[in-house]
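Good morning. I will go through one structure, starting with its aromatic rings and ending with some unusual backbone spots. Please look at the sequence and the model while I talk.

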Amino acid sequence: MAEIRNIAILTGAGISAESGLRTFRAEDGLWEDYPIEEVATPQGFRRDPDLVQRFYDARRENVLAAQPNAAHAALARLDAEWAKTERGELLIVTQNIDDLHERAGASRVLHMHGEALSAWCTACDARHPWAGTLRDGPPCPACGAAALRPDIVWFGEMPYQMERIFAALARADLFVSIGTSGAVYPAAGFVQQAASHGARTLELNLERSQGSQWFDESRLGPASELVPAWVEEVLET
Ligand code: BV8
């Protein structure tokens, strides 16, 4: 395997499935109970803010009750080892709104679709760490307005830090996608972006995804097994 220096990693709901957090598109997925349009769009929030606040209040509680699994721990170990040996760059771009990467010890984590444990004031634009509920319209700690929404990127909204992500994809020698269905853009296009800049591409997923065709290699199985094995492989090279 050619010398790997810069690694770009994309994670999705599948990496947190074994921590008990529901994914979106499985038969017991979140979108079975709540049509996307009603709870993960600005229009849905305008139409029924109480439903949307309750949906994310429940997700926030689930996140707080969940624990990182072996896949999160393996990525945290890789992050630390890569920093210590100064082998190159590493970035974990996650589509997930949970904080399990961070709680496992990873430091270079980018939440492109926002975070369950953050509240965003639509009056003054301030963001605040938030572990409680938002359904009762608590005042913004900065401006006092009862105008806090989940700090989540909904459909039709621009994902966060896209420039930083594209720069990491352009420099990556290796792009690894873990636990994502490849159903949502722009995240689903990252594999092609990385490959166009010469990166090798690897998919670790429970089953074939909508993007599997774009990867040099796809390994199928649970993240808690595939990710630790892959990290061992990388650290041995
Ligand atoms: C934007 C936060 C533009 C919310 C999320 C038509 C064609 C193409 C694109 C579009 C289109 N119409 C609209 C669009 C754009 C749209 C889009 O892509 N729609 C799709 C449905 C077609 N995208 C957007 O709107 C994005 N914004 O484009 O902005 C713009 C431009 C200028 C100015 C303003 C705006 C924003 C999208 C972000 C939406 N927010 N999440 C929340 O969490 O509630 S999306 C959400 O679904 C995730 O974050 C993720 O991105 C996406 C897919 O979820 P996954 O993480 O992949 O989970 P999923 O359940 O789907 O799959 C799980 C996988 O894990 C499975 O493959 C399974 O096999 C595997 N798995 C399960 N268990 C395990 C496992 N793997 C390993 N181990 C296990 N144990």
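A search of the whole structure gives 6 aromatic pairs. Keep in mind that this is a predicted model.

Take one of those pairs, Phe45 with Trp154. The two rings are tilted, with 45 degrees between the planes and 5.2 Å from centre to centre. Where do Phe45 and Trp154 sit in the chain? Phe45 belongs to helix H3, residues 42–47, and Trp154 lies in the loop between S6 and helix H7, which covers 162–171. The two are 109 residues apart, so this pair links distant parts of the chain. Are these residues buried or exposed? Buried means under 20% relative accessible area. Phe45 has 18%, so Phe45 counts as buried. Trp154 has 2%, so Trp154 is buried as well.

A second pair is Phe55 with Tyr56. Here the arrangement is edge-to-face, with 80 degrees between the planes and a centre-to-centre distance of 4.8 Å. Phe55 is buried, because its relative accessible area is 3%. Tyr56 counts as buried because its relative accessibility is 4%.

Which residues make up the aromatic cluster? One cluster is formed by Tyr34, Phe45, Phe55, Tyr56 and Trp154. Both pairs I described are in that list.

Trp154 has another partner, Arg149. The charged end of Arg149 sits over the ring of Trp154, at 3.8 Å from the ring centre. There is a further case of this kind at Trp120, where Arg127 lies over the face of the ring, 4.2 Å from its centre.

Those arginines bring us to the sheets. One open sheet has 3 strands, in the order S5-S4-S6, with antiparallel pairing. Which strands are at its edges? They are S5, residues 127–129, and S6, residues 148–152, and each of them pairs on one side only. From one strand to the next, the twist averages 40 degrees. Strand S4 covers residues 114–121 and is joined to S6 by 4 bridges. If you want one bridge to find on screen, take Gly114, whose partner in S6 is Ile152.

The other open sheet I will describe has 6 strands. Its order is S3-S2-S1-S7-S8-S9, and the pairing is parallel. Why do strands S3 and S9 each have one side without a neighbour in the sheet? S3, residues 109–111, and S9, residues 217–220, stand at the edges and have a single partner strand each, so one side of each is left free of a neighbour in the sheet. Ignoring direction, neighbouring strands here are turned by 15 degrees against each other on average. Inside this sheet, 5 bridges join S1, residues 7–11, to S7. To find one of them, start at Ala8 and look for Phe175, its bridge partner in S7.

Now the ligand. There are 33 residues around it, and those that come nearest are Arg25, Gln95, Gly156, Thr180 and Ser181. Which atoms of Gln95 and Thr180 approach the ligand? For Gln95, an N or O atom of the side chain is 2.6 Å from an oxygen atom of the ligand. For Thr180, a polar side-chain atom lies 2.7 Å from an oxygen atom of the ligand. Val153 uses its backbone instead: one of its backbone N or O atoms is 2.9 Å from a nitrogen atom of the ligand.

Last, the backbone. What kind of peptide bond joins Tyr185 and Pro186? The bond is cis, with omega of about 0 degrees. Pro186 is in the loop between strand S7, residues 174–178, and helix H8, residues 190–196.

Two residues have a positive phi although they are not glycines, and I will take them in turn. Glu86 has a phi of about 50 degrees. Its place is the loop between helix H5, residues 70–85, and strand S2, residues 90–94. With a relative accessible area of 70%, Glu86 is exposed. Asp125 has a phi of about 75 degrees. That residue is in the loop between S4 and S5. Its relative accessible area is 47%, so Asp125 counts as partly exposed.

That is the end of my part.

Note on methods: Residues are numbered from 1 along each chain as its sequence is written. Side-chain values use heavy atoms; hydrogens and water are left out. Two strands pair if DSSP finds at least two bridges between them. Axes are lines fitted to C-alpha atoms, for helices over the stretch in contact, and angles run from 0 to 180 degrees between N-to-C directions. Rings of Phe, Tyr and Trp (its six-membered ring) pair if their centres lie within 6.5 Å; planes under 30 degrees apart count as stacked, over 60 as edge-to-face and the rest as tilted. Buried means under 20% relative accessible area, exposed over 50%, partly exposed in between (1.4 Å probe, protein chains only). A charge sits over a ring if NZ of Lys or CZ of Arg is within 6 Å of the ring centre and within 35 degrees of the ring normal. A residue is near a molecule or strand if one of its heavy atoms lies within 4 Å of it. A polar contact is a pair of N or O atoms within 3.5 Å; within protein, one must be able to donate a hydrogen and the other to accept it, and residues adjacent in sequence count only if both atoms are side-chain atoms.
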